[in-house]
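Please look through the structure shown here with the explanation beside it. The paragraphs take up a few features in turn.

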Amino acid sequence: RTGVLVGGVVEDAGPDPDCFVEFCKSEEGINSNACNNGNIRLFNVNESESLGPYMARYLGAKFYRGEQYYLQIDSHSEFVHAWDEKLIKMVEDA
């Protein structure tokens, strides 16, 4: 569903590479144009000021802008091909 998905990233800036920057430099990031078209909402917090996963989830929920579907995951998730279409079908079939 190219162009439909909107994502948000709550990232604590620590010693690890900046995943937003790395994605935007990648072939997938460049081809999707998601970094330039407003489909990614970003909130960076310094690692020393991070208040843990509960606060990160709260901040992530603040990205919601009335989209028809909303899903919050953590960074260790993997997806199958067409996962969004499959998930929407499961919601509609329920």
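What follows deals with a disulfide, then aromatic pairs, then a patch on the surface. The model is predicted.

Start with the cysteines. A disulfide is a covalent bond between the sulfur atoms of two cysteines. The structure holds one such link, and its partners are C24 and C35, with sulfur atoms 2.0 Å apart. A disulfide is counted here when the two sulfur atoms are within 2.5 Å, so the pair C24 and C35 qualifies at 2.0 Å. The angle about the S-S bond is -95 degrees, and the link of C24 and C35 is left-handed.

Where do C24 and C35 lie? C24 is in helix 1, which covers residues 19-25, while C35 is in the loop between helix 2 (27-32) and strand 2 (40-46). The pair therefore ties together parts that are 11 residues apart in sequence. How accessible are these two cysteines? C24 has a relative accessible area of 21% and is partly exposed. C35 has 23% relative accessibility and also counts as partly exposed. The reason is that partly exposed covers the range between buried, under 20%, and exposed, over 50%.

Next come the aromatic rings. The structure holds two aromatic pairs. One of them joins Y64 and Y70: the ring centres are 5.4 Å apart and the planes stand at 80 degrees. Why is this pair called edge-to-face? Planes over 60 degrees apart count as edge-to-face, and the planes of Y64 and Y70 are at 80 degrees, so the pair receives that name. Y64 is partly exposed at 39% relative accessibility, and Y70 is partly exposed at 43%.

F79 and W83 also form an aromatic pair, with 4.5 Å from centre to centre and 35 degrees between the planes. This pair is tilted, because 35 degrees is neither under 30, as stacked requires, nor over 60, as edge-to-face requires. The relative accessible area of F79 is 42%, which makes F79 partly exposed. W83 is partly exposed as well, with a relative accessible area of 24%.

Last, turn to the surface. Which residues form a nonpolar patch there? The patch is made of L51, M55 and Y58, and together they have about 320 Å² of accessible area. M55 belongs to helix 3, which covers residues 53-61. With 30% relative accessibility, M55 counts as partly exposed.

Terms used
Residues numbered from 1 in each chain as written. Predicted model: local features only at pLDDT ≥ 70, side-chain atom pairs only at ≥ 80, totals over all residues. Heavy atoms only, no water. Patch = residues over 30% accessible without salt bridge, like charges linked within 9 Å, V, L, I, M, F, W, Y side chains within 5 Å. Areas by Shrake-Rupley, 256 points an atom, 1.4 Å probe, with all protein chains shown as cover. Salt bridge = Lys/Arg side-chain N within 4 Å of Asp/Glu carboxyl O. Helix = DSSP H or I, 4+ residues; strand = E, 2+ residues; numbered from the N terminus. Buried < 20%, exposed > 50% of the residue type's maximum accessible area, 1.4 Å probe, protein only. Phe/Tyr/Trp six-rings, centres within 6.5 Å; stacked < 30°, edge-to-face > 60°.
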